[in-house]
Amino acid sequence: MNVHEKLVWTEDMSIGNSKIDKDHQKLVNIYNDLLDLTNKGYSSNEFSRILSDMTDYTMFHFKKEETYMTSFSYPESRNHRNEHVQMIYQVAMYNYELHNNGVNPDEILGFLKSWWTNHIKIHDEAYERFRTENRAEAEYR
C-alpha cells in the first residue's frame with residue numbers, strides 16, 4: 001500500500017530562478033504521475049515507462065544545469081555533477097530491478113521524493129545563491 005503523498009510545488013521550493021523552477025515543477029509533476037499510477041493500480045511496465053520519462057527529463061535537466069553551473073565557475077560543480085550521476089544510476093537500477101527481481105514502488109517513490117526535495121532545497125539553492133552573491137551573469141537554457 002502506498003504511504004506517500006503528492007509533492008506540491010510551493011514558493012518554498014523555488015531556488016529563485018524561474019526557468020530552473022519550471023524544470024523542477026515538471027519533475028514534481030512526473031513524480032506525482034508515478035504516485036497516481038500506484039494509487040489506481042498499475043503494471044510494472046506502466047510504472048517503468050513513467051520512471052523512464054522521469055529519467056529522460058532528469059538527464060535533460062541535469063545537462064542544462066551542469067552547463068549553467070560551469071558558465072559561472074561554481075566551485076562545487078564537480079560534486080554536484082557526481083550527485084546527478086549517482087541519482088541517474090540509482091533510478092536505472094530501480095528500473096532494472098522492476099523488470100527482473102521486482103522492487104516495491106514505495107521504495108522508489110520514497111527515494112525520488114527524498115532525493116528531489118533535498119537536492120533542490122540544499123544543492124540547487126546553493127549554486128543559485130553562489131551565482132547571486134557573486135553577481136555572475138549566466139543564463140539557464
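1. In this predicted model, Tyr68, Phe72, Tyr74, Tyr127, Phe130 and Tyr140 are joined into a cluster by ring pairs.

2. Within that cluster, one pair can be described in detail. Tyr68 and Tyr127 form an edge-to-face pair, because their planes stand at 70 degrees, with 5.9 Å between the ring centres. This pair connects distant parts of the chain: Tyr68 belongs to helix 2 and Tyr127 to helix 4, with the two positions 59 residues apart in sequence numbering. Tyr68 has a relative accessibility of 1% and therefore counts as buried. Tyr127, at 0% relative accessibility, likewise counts as buried.

3. The count of aromatic pairs in the model comes to 12. Among them is Phe62 with Trp115, a tilted pair whose ring centres lie 5.9 Å apart and whose planes make an angle of 55 degrees. Here too distant parts of the chain are linked, since Phe62 is found in helix 2 (residues 44–71) and Trp115 in helix 4 (residues 105–133), 53 residues apart. Both Phe62 and Trp115 are buried.

4. A ring also takes part in an interaction with a charge. The charged end of Lys26 is placed over the ring of Tyr57, at 5.3 Å from the ring centre.

5. The largest nonpolar core comprises 37 residues, and Leu51, Met87, Ile108, Leu112, Trp116 and Tyr127 have the most contacts inside it. Two or more residues of this core come from each of helix 1 (18–40), helix 2, helix 3 (77–100) and helix 4. Tyr127 thus appears both in this list and in the aromatic cluster of point 1.

6. Which residues does Met87 touch, not counting those up to four places away in sequence? They are Thr58, Phe62, Phe111, Leu112, Trp115 and Trp116. Both members of the tilted pair, Phe62 and Trp115, are therefore among the residues that Met87 touches.

7. His123 is located in helix 4. Its relative accessibility is 28%, so His123 counts as partly exposed. Apart from neighbours within four places in sequence, His123 is in contact with Tyr74, His80, Glu83 and Asn118. With one of these, Glu83, there is a polar contact between side chains at 3.2 Å. Tyr74, also in contact with His123, is a member of the aromatic cluster.

8. A further separation may be noted for His123. The C-alpha atoms of His123 and Thr67 are 15 Å apart in space, and the two residues are 56 residues apart in sequence.

Conventions. Residues are numbered from 1 along each chain as its sequence is written. This is a predicted model: local features need pLDDT of at least 70, side-chain atom pairs count only at pLDDT 80 or more; totals for chains, interfaces and linings use all residues. Side-chain values use heavy atoms; hydrogens and water are left out. Rings of Phe, Tyr and Trp (its six-membered ring) pair if their centres lie within 6.5 Å; planes under 30 degrees apart count as stacked, over 60 as edge-to-face and the rest as tilted. Helices (H or I, at least four residues) and strands (E, at least two) are DSSP runs, numbered from the N terminus. Buried means under 20% relative accessible area, exposed over 50%, partly exposed in between (1.4 Å probe, protein chains only). A charge sits over a ring if NZ of Lys or CZ of Arg is within 6 Å of the ring centre and within 35 degrees of the ring normal. A nonpolar core is a set of buried Ala, Val, Leu, Ile, Met, Phe, Trp, Tyr and Cys residues joined through side-chain atoms within 4.5 Å. Contact means heavy atoms within 4.5 Å. A polar contact is a pair of N or O atoms within 3.5 Å; within protein, one must be able to donate a hydrogen and the other to accept it, and residues adjacent in sequence count only if both atoms are side-chain atoms.
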